[in-house]
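Here's a relaxed walk through one protein chain, stop by stop. Have the sequence and the 3D view open as you read.

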Amino acid sequence: IEEDLIFFDFVRCDLDIKSNSSSHHTELYGEERLIVRRGQPFNIILHLKPGRAVFLLISLSISVSKGPLPRKGSDTKVSFGLHESTVDTEWSASATHDPSGNTLSVSISSSPNAPIGRYSLTLDQEGQTTSLGEFILLFNAWCPSDAVYMKSNTKKQEYVLAQHGQVYRGTHKRIKGLCWNFGQFDPSILDICLTILDANPKFAADADKDCSARRNPIYVTRVISAMINSNDDRGVLVGNWGEVTDGVHPGRWMGSGDILRQWAESGPVRYGQCWVFAAVACTVSRALGIPCRVVTNFGSAHDTDANLIIENVYNVDGEKISRDSVWNFHVWVDSWMTRPDLGSEFDGWQTSDPTPQERSDGVFCCGPAPLKAIREGELTKKYDTPFIFAEVNADVVDLVQRSSGETVKFAGSTTSVGRSISTKAVGSDERWDITHQYKYPEGSKEERKVFEKAQHNNKLQQQGEEPSLRLKIKLADNMIVGKDFEVSAVLTNNCTVAKTCTLMFMARAVGYNATRGQGIEFVTDIVEVAPGEELKVKRSVTAQLTLLNTLPERLRDCSFTIEGVGLTDGKPITENIGTVEAKQEAKASISFIPTSVGSSKLLVNFDSDKLKNIRSFINVVVEK
């Protein structure tokens, strides 16, 4: 009898997946396994052998462990007994049994600071251990004690649970939204995200230290930033900003799921550019429970020498000979978390950038840097704040290098960098301008004061005078793709005497990231400008572009591709339609079977040899 009071046998352990998934906001992952969020209790039910009632539970304890070498000192292995109630600050458990004594309900509460990942669950009875199953533990934006806690339910819905969103591209005058399927709840995606963490070189170097550090969203976000690109390791994406002769053109991707599955099957995926890197990083972050948003910066500076100045240096032939550049747009992610390493004033959104641009601590990664530090010019705050500050707030200086080697400043701007910083609005497909979160209004006293403080913090001393001659380029407001347009060059003489100037005008195709194509036209003229006078020079430039099939040409290799979360089983479906004659409509019929009830978006892409990546989407509601 005494033995029966201490030891008991159970038939099976019910992880109560459906109920736990509902309370932990993880039901979208499916009901095949237990997935819970840290700092919040979950329940398991032990079904006992009939007649083996339990009256004494003091001998029972539960242990959880993760990683290849679980260790108590690293909090990757924790054991705890059963008590009357759980506590919300550490791993704990409580138990109740039904009147018949046939089931024992155990409530387990994880620490809000526990490392995330795969766990095994074990019951210990005086040294006799029995496996109860496995579960996955995620960050918890619903738990006030978790570092990623977000108070607003609508924001949690947007930044953790939303499976599709908008990624913005173009220029600050012509902003275009691209609908993207994040698909963080698609089958296998969470497992792939955890595998990405295991593929991190830090895991190979010290698995115990790495698994323990996964308690910290700062650490995990920095790992994600490094692992989404493949420059230092077998990360997810290979970057390509030139001609694509193999792999998938970055513009053809419609969602993250296909990219992640390809990586899991065969390693680094070809190819990505900034918006693809950022969107995949957003998927991984949301899958692991970190609130995340995709952000686009128009007029984004790439400061290669960390002086907060974009120095565009040209030779006398008009060719650029410096590395600094300003991209039409650049895309990164913001993740929500506290910053106990910096102080509570730096809690909130943190910028990180998975696009490989410059090394940080020897690795191609960037961030997380607090938006508060970026906005206030606090460049000593970790991580990579000076680089991100320059992306949104650098000054631009244009110089020409004479044959003697001397450089002369001929133009510049303090307002052209960091415009219309954009993200998707909460709860709608509208664009939200968040420039004010990154910087004070351009030209304001606060903005200039912050820039000066940033230069001081960056130990810089810039000297120079305003140019006596100013050159400004004006483009027509009504430009149409495929049509001629006018360009005006306005040269202003601010001197007290006349100036004879050599005016060099060169047109060149430029990619969004400042990659330069072949020159279209180069013109040199010598002009004399009187004091205080403005001189306008108009030149006609013709750009041959294709946007729609309005040209009298046949389109070859035409195809339609559709993809939708819960609509196409997480995978794109492509229909090849071959050749489309001039003025002819391209038509295709594609069947698919929705797998989820509710609202979604069906993304459509048209591709051909001449017209590429023509995008659209439609809202879809699937009912039972």
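## Starting in a loop

Let's begin at Gly30, which sits in the loop between α2 (17–23) and β2. Keep in mind that what you're looking at is a predicted model. Is Gly30 buried or exposed? Gly30 has a relative accessibility of 19%, and the cut-off for buried is under 20%, so Gly30 counts as buried. Gly30 also has a partner from elsewhere in the chain: Pro187 is 157 residues apart from Gly30 in sequence, yet their C-alpha atoms are separated by 7.9 Å.

The loop between α2 and β2 is home to His25 as well. His25 isn't a glycine, but its phi is positive, at about 55°. With a relative accessible area of 28%, His25 is partly exposed. Another residue with a positive phi that is not a glycine is Asp16, at about 50°. You'll find Asp16 in the loop between β1 (10–14) and α2.

## Helices and their neighbours

Next up is helix α3, running over residues 153–161. Which residues of α3 are buried? They are Lys156, Glu158, Tyr159, Val160 and Leu161. These buried residues pack against quite a list of elements: β2 (34–37), α9, β14 (292–302), β17 (348–352), β23 (419–424) and β24 (431–433).

Helix α9 (residues 274–287) turns up again as a packing partner of helix α4 (residues 189–198). A pair of packed helices is described by the angle between the axes and the distance between them. For α4 and α9, the angle is about 100° and the axes are 9 Å apart. Angles of 65 to 115 degrees count as roughly perpendicular, and that is therefore how α4 and α9 lie to each other. On the α4 side, the contact is made by Ile189, Leu190, Cys193 and Ile196, while α9 brings in Thr283, Val284 and Ala287. Sorted by class, that contact has six nonpolar residues, one polar residue and no charged ones.

## Cysteines without bridges

How many disulfides does the structure hold? The count is zero. As a reminder, a disulfide is a covalent bond between the sulfur atoms of two cysteines.

Take Cys366 as an example: the nearest cysteine sulfur belongs to Cys365 and is 7.4 Å away. A disulfide needs the two sulfur atoms within 2.5 Å, so Cys366 is in no disulfide. Cys366 is buried, with 6% relative accessibility. Cys211 is buried too, with a relative accessible area of 4%.

## Two cis peptide bonds

Just along the chain from Cys366, a cis peptide bond joins Gly367 and Pro368, with omega at about 5°. Pro368 lies in the loop between β19 (363–364) and β20 (369–370).

There's also a cis peptide bond from Lys382 to Tyr383, where omega is near -5°. Look for Tyr383 in the loop between α10 (371–376) and α11 (385–393).

## A buried asparagine

Our last stop is Asn605, in strand β32 (residues 598–607). Its relative accessible area is 1%, so Asn605 is buried. Which side chain does the side chain of Asn605 make a polar contact with? The partner is the side chain of Arg615, at 2.8 Å.

Arg615 is one of several contacts here. Setting aside neighbours within four places in sequence, Asn605 is in contact with Met254, Ser559, Phe560, Thr561, Asn613, Ile614 and Arg615.

How values were computed:
Residues numbered from 1 in each chain as written. Predicted model: local features only at pLDDT ≥ 70, side-chain atom pairs only at ≥ 80, totals over all residues. Heavy atoms only, no water. Helix = DSSP H or I, 4+ residues; strand = E, 2+ residues; numbered from the N terminus. Buried < 20%, exposed > 50% of the residue type's maximum accessible area, 1.4 Å probe, protein only. Polar contact = N/O pair within 3.5 Å; in protein donor to acceptor, adjacent residues only side chain to side chain. Contact = heavy atoms within 4.5 Å. Axes fitted to C-alpha atoms, helices over the stretch in contact; angles between N-to-C directions. Parallel < 35°, antiparallel > 145°, perpendicular 65-115°, else oblique. Nonpolar A, V, L, I, M, F, W, Y, C, P; charged D, E, K, R; others polar.
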